[in-house]
Amino acid sequence: MLYQNVFNPLFFTIDPENCHRKLARLLKLYGSVSPLRHIFRKSYLVQNPFRFQNLVFRNRVGLSAGFDKEAQIFDQLSDFGFAFVEVGTITPSPQKGNPCPRIFRAPEDESLIARTGFNNPGMDVAFERISKGRKHSYVLGANINKDANSAGLETVKDFEKVFSRLYDVIDYFTIDWGSISAEAMEQVLCRLTDLRARRSKQRALFLKLPADVSEEVLDQVIALATRYGFCRASLLQDLLQVVRD
C-alpha cells in the first residue's frame, strides 16, 4: 500500500534511468547501516531450497542481469529475499551503452522497455567490486558478453577474457542467445566448457533465451545445449514440443 500510494507516484515523476540511479545510491547508503540490513535480511528470508546443477538456491526467486549492471549493489539486493543475484552484462572493456533516452515506461503493461545496451565498467572493475563487496551467502551470477566493436575471433576471445577474470568470484555465468551469431555462440561455448574443465571448481553455464525465439532457433539451442551439457536432451525436446503445441 505504501509503495502504491506514495513511492510509485513519486518514482513516476522522475526520468526512468535517473530513478534507477537514485535507487542505486539509496541502496549503497542502506548497505552501510548494518542493523537495518539485519532487519531486512531476516524479514525477507524465505527458505525453500533446491539444487540445480552444482548450485543450491534458497528459494525460487532471483534477480537477473540488468538491474545491477555495474556490480555495485548486488550484496544489498541479496537482503531482499533473492536466492540469486546476477550482475552485468559485463564486458572486457568499459562500455557506454546506447545513447539516452534508453529506458521507457509502459504504464499500461506495468513494465519498462530497456534499450540500454551493455553499459558497464568492464571486467577489471567488476572483479574488484565483487571481490570486496560480497558479504553474505547467496548465489551470485554474471551475464557476460563481448565488447561492442569486437567481431570474428575477437568475440570468442572477449568471452574467454571475462569468463577467466570473474571465474573465482562468480557462481555461474549467463550468455544471451541472440547477442552473437549461432556460429559464434558454438565457438564460445566450446571454448568456455574447455576452460571450465581445466578448473577444480565447476561454474555453471546458462543460456538466456529471448521470449520470441522461433522453432528453428530452438532446434539450434537444443543441439548446442545437448552437446555442451546444459540440460538433458529429453527435457529440451519436451520444451520444443510445448512451443509447437
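**Close-up views of a predicted model**

**View 1. N143 has T174 as its bridge partner in β8.** Strand β7 (residues 139-144) and β8 pair in the parallel sense over three bridges (strands pair if DSSP finds at least two bridges between them; helices, H or I of at least four residues, and strands, E of at least two, are DSSP runs numbered from the N terminus). From β7 the chain passes through helix α6 (residues 153-166) to reach β8, a right-handed β-α-β crossover (clockwise from first strand over helix to second, with the strands pointing away from the viewer). A note on the model: it is predicted, so local features need pLDDT of at least 70 and side-chain atom pairs count only at pLDDT 80 or more, while totals for chains, interfaces and linings use all residues. Residues are numbered from 1 along each chain as its sequence is written, and side-chain values use heavy atoms, with hydrogens and water left out.

**View 2. Strand β8 (residues 172-176) is mostly covered.** Five of its five residues are buried (under 20% relative accessible area; exposed is over 50%, partly exposed in between, with a 1.4 Å probe and protein chains only). How are the two faces of β8 covered? Y172, T174 and D176 are buried on one side, and F173 and I175 are buried on the other. In a regular strand the side chains alternate between the two faces of the sheet. On the way to β9, β8 pairs with that strand in the parallel sense over five bridges, and F173 stands opposite L205 of β9. The chain runs from β8 through α7 to β9, and this β-α-β crossover is right-handed.

**View 3. Five strands form an open sheet with parallel pairing.** Their order is β3-β4-β7-β8-β9. The edges are taken by β3 (62-63) and β9 (204-208), each with a single partner strand, so one side of each has no neighbour in the sheet. At the β3 edge, β3 and strand β4 (residues 84-90) pair in the parallel sense over two bridges, and L63 has V85 as its bridge partner in β4. Also in β4 is T89, and the peptide bond leading from G88 to T89 is cis, with omega near 20°.

**View 4. Helices α7 (residues 182-197) and α8 (residues 215-227) come within 11 Å of each other, axis to axis.** The axes cross at roughly 10° (lines fitted to C-alpha atoms, over the stretch in contact, with angles from 0 to 180 degrees between N-to-C directions). The two helices are therefore roughly parallel (under 35 degrees; over 145 is roughly antiparallel, 65 to 115 roughly perpendicular, the rest oblique). A182, M185, E186 and L189 of α7 meet Q220, L224 and R227 of α8 in this contact (heavy atoms within 4.5 Å). By type, the contact residues are four nonpolar, one polar and two charged.

**View 5. Two loop residues, A71 and L45, for those who enjoy backbone details.** A71 sits in the loop between β3 and α4 (74-77). Although A71 is not a glycine, its phi is positive, about 55°. Is A71 buried or exposed? A71 is buried, with a relative accessible area of 1%. L45 belongs to the loop between α3 (34-43) and β1 (50-52) and is partly exposed, at 46% relative accessibility. Its C-alpha atom is separated by 8.8 Å from that of R58, 13 residues apart along the chain.

Technical notes: Ala, Val, Leu, Ile, Met, Phe, Trp, Tyr, Cys and Pro count as nonpolar, Asp, Glu, Lys and Arg as charged, and the others, Gly among them, as polar.
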